[in-house]
Amino acid sequence: MFLYRRITEDIRNSIFSGELAPTAALPTERELAKQYRASGTSVRKAMAILEEEGLIVKRHGSGNYVNQNRDGLPDLLLVLCGNLARYRPGIGKAFEELCSSLPFTVEARLEKSDITLAELGAIEAKYPDTPLLIVNTRNGTAELAAAGKLDPLDHLTAFSERLERMPDNLKWAFPDRTGAEAFYGSPFTYLFNCLAVNEDLAKSAGLDPAHPPRTWGELAEWCATFTDWKKKAGRNDLYASYLCGDRYLMGSLSSYFRMAGGGDAFSNSPELGEGLRALYELLSGLFHHGDLHVTVTQSPAPFVGGKYLLGFQAGTWLPRDAGNFNPALNYRLCPIPQPDLSSASCYSGGCELMEFALNGSGEEGLARLKACSDLLCDLDRMEPILLRLGVLPADSLSLQAFVTRHPEFTPFRDAMFHTLEPHHLEENELEEKLCGQVRQLLRSGDADIPRLVREYRSLLKR
């Protein structure tokens, strides 16, 4: 376990057990560093997490103290998970500040994964009779709806109106415990993935950025052309493309399976073997020909450094990162290339849904939920948070207004309203195993692609 996590858990447990009472002073950061044999960075990270959770308050020049309001329940709990909570320091406070204009107290709670039945049970136990407004994944929403834990969205005017405006491919009904379907979650935000093209580097290599690669074959040709040019030009500091952790793997692999499986991301269809071979050969070829650079850099996006021709899964955070770190960068955002032109264009990215649970709060709780949901649907109020998160509003009217103000997001809007597939539950375990196969291929240079295909087919049968 990382030391900062151990420090966080120990102090959190001491607060919950009452060992550290409200207003009690925590040991100094120097004392904690000595006690845990940790660096100052680890201690500060632990303190930041505890402050984000609302468990402690930081008093400059004095130290850290247990929050005296910890035992007082908020009037409404806003639970944030997935892309809205992961790797976004301070976002909970930003939502609480946004909600500070409401005539009741709102606490934001961050969760790093789906809100499942187990997580919701723990939240309900800690916040009895408190209305819950939850930003969840589609998998989490499906599980909670099936257990009868959510209330239909037609009680919340802002989100029921959103649903009425959405085309059928952008909204999903979920079955409840009886099997009857209803809208228990409304798309709230979208995180999009695209291909970014460095226009200056493309022109230098004789490539036309106005006609970017559309297929995997064209992508390989672009990379080969660029690699030949950079070698002749003596520009060994440049790369055709990069692979950053799992983000590109997850996006591209999921996109392929949604296309090959007719919406089923993990069908064992006849096209699966052929598609896997094509994908393995593409990645292996790019890597072993020197067209693909593997980097662990996450933020800012490596692409904004100007050393890459192409940036896979650029996402909506790219314009923000470019503006903060390299405003002079000339780039174009395009759809991620597909296996071939006969393949349907496919959305690749993340979606968060807004849902709610009265949790025993009655009519008063419903009134608070309506007021808070109205606020979160107000683009003028939410715009700074959307830009900070690098996500798009899911509502069609809000998205059009957002793109008018920020035209660099136009490709993402076009992708969302033309190519988003119907809802399917993600098979996270299978997808991770598939990504593991690809990582093994890239690390070892193992080109036994038929064996990898057989191994993955065997996973589907389990």
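A helix axis is a line fitted to the helix's C-alpha atoms over the stretch in contact, and the angle between two axes is taken between their N-to-C directions, from 0 to 180 degrees. Keep that in mind for the first stop, and remember throughout that you're looking at a predicted model.

**Before you zoom in**

Show the whole protein chain as a cartoon. You have 18 helices and 15 strands on screen. The chain has 462 residues, and 52% of them count as buried. Switch to a surface and you'll see what the chain exposes: about 20,600 Å², with carbon and sulfur atoms supplying 50% of it. Back in cartoon view, think about contacts between residues at least 6 apart in sequence: 74% of these join residues at least 24 apart.

**Stop 1: helices α2 and α3**

Select residues 29-36, which is α2, and residues 40-52, which is α3. Their axes come within 9 Å and cross at roughly 115°. Turn the view until one helix lies over the other, and you'll be looking at a right-handed crossing. Now add side chains. On the α2 side, E29, L32 and A33 make the contact, and on the α3 side it's V43, R44 and M47. Sort those residues by class and you get four nonpolar, no polar and two charged.

Next, click on R37, in the loop between α2 and α3. R37 isn't a glycine, yet its phi is positive, at about 55°. Is R37 buried or exposed? With 78% relative accessibility, R37 counts as exposed.

**Stop 2: another positive phi**

Jump to N359, in the loop between β14 (349-357) and α13 (362-376). N359 is another residue other than glycine with a positive phi, near 55°. This time the residue is buried: the relative accessible area of N359 is 17%, and the cut-off for buried is under 20%.

**Stop 3: strand β3 and the loop after it**

Select L76, in strand β3. L76 has 0% relative accessibility, so it counts as buried. What does L76 touch, if you leave aside neighbours within four places in sequence? The list is F104, T105, V106, E107, T130, P131, L133, R368, L369 and C372. Try a distance label on one of these partners: L76 and F104 are 28 residues apart along the chain, and their C-alpha atoms are separated by 7.8 Å.

Now move along to C81, in the loop between β3 (76-80) and α4 (91-98). C81 is buried too, with a relative accessible area of 0%. Not counting residues up to four places away in sequence, C81 touches E111, S113, D114, I115, V135, N136, T137 and E352. Pick S113 for another distance label: from C81 to S113 is 32 residues in sequence, but 5.7 Å in space, C-alpha to C-alpha.

**Stop 4: looking for disulfides**

Color the cysteines. How many disulfides does the structure hold? Zero. To see why, start with C99: its closest cysteine sulfur is in C372, 4.0 Å away, which is too far for a bond, since a disulfide needs the two sulfur atoms within 2.5 Å. You've already met C372, as one of the residues in contact with L76. C99 itself counts as buried, at 1% relative accessibility.

Then select C377. Its closest cysteine sulfur is also in C372, at 9.7 Å, and that's too far for a bond as well. C377 counts as buried, at 18% relative accessibility.

**Stop 5: a lysine in a helix**

Go to K230, in helix α9 (residues 216-232). Buried or exposed? K230 is buried, with a relative accessible area of 8%. Show the residues around it: not counting those up to four places away in sequence, K230 touches R235, N236, L238 and Y239.

**Stop 6: helices α14 and α15**

Finish with another pair of helices. Select residues 379-389 for α14 and 396-405 for α15. Here the axes come within 11 Å and cross at roughly 65°. α14 passes α15 in a right-handed crossing. Turn on side chains again: α14 brings L379, D380, E383, L386 and L387 to the contact, while α15 brings S398, A401, F402 and R405. By class, this contact has five nonpolar, one polar and three charged residues.

Technical notes:
Residues are numbered from 1 along each chain as its sequence is written. This is a predicted model: local features need pLDDT of at least 70, side-chain atom pairs count only at pLDDT 80 or more; totals for chains, interfaces and linings use all residues. Side-chain values use heavy atoms; hydrogens and water are left out. Helices (H or I, at least four residues) and strands (E, at least two) are DSSP runs, numbered from the N terminus. A crossing is left-handed if the near helix is turned anticlockwise from the far one by less than a right angle, and right-handed if clockwise. Contact means heavy atoms within 4.5 Å. Ala, Val, Leu, Ile, Met, Phe, Trp, Tyr, Cys and Pro count as nonpolar, Asp, Glu, Lys and Arg as charged, and the others, Gly among them, as polar. Buried means under 20% relative accessible area, exposed over 50%, partly exposed in between (1.4 Å probe, protein chains only). Accessible areas come from the Shrake-Rupley method with a 1.4 Å probe; for residues, only the protein chains shown count as cover.
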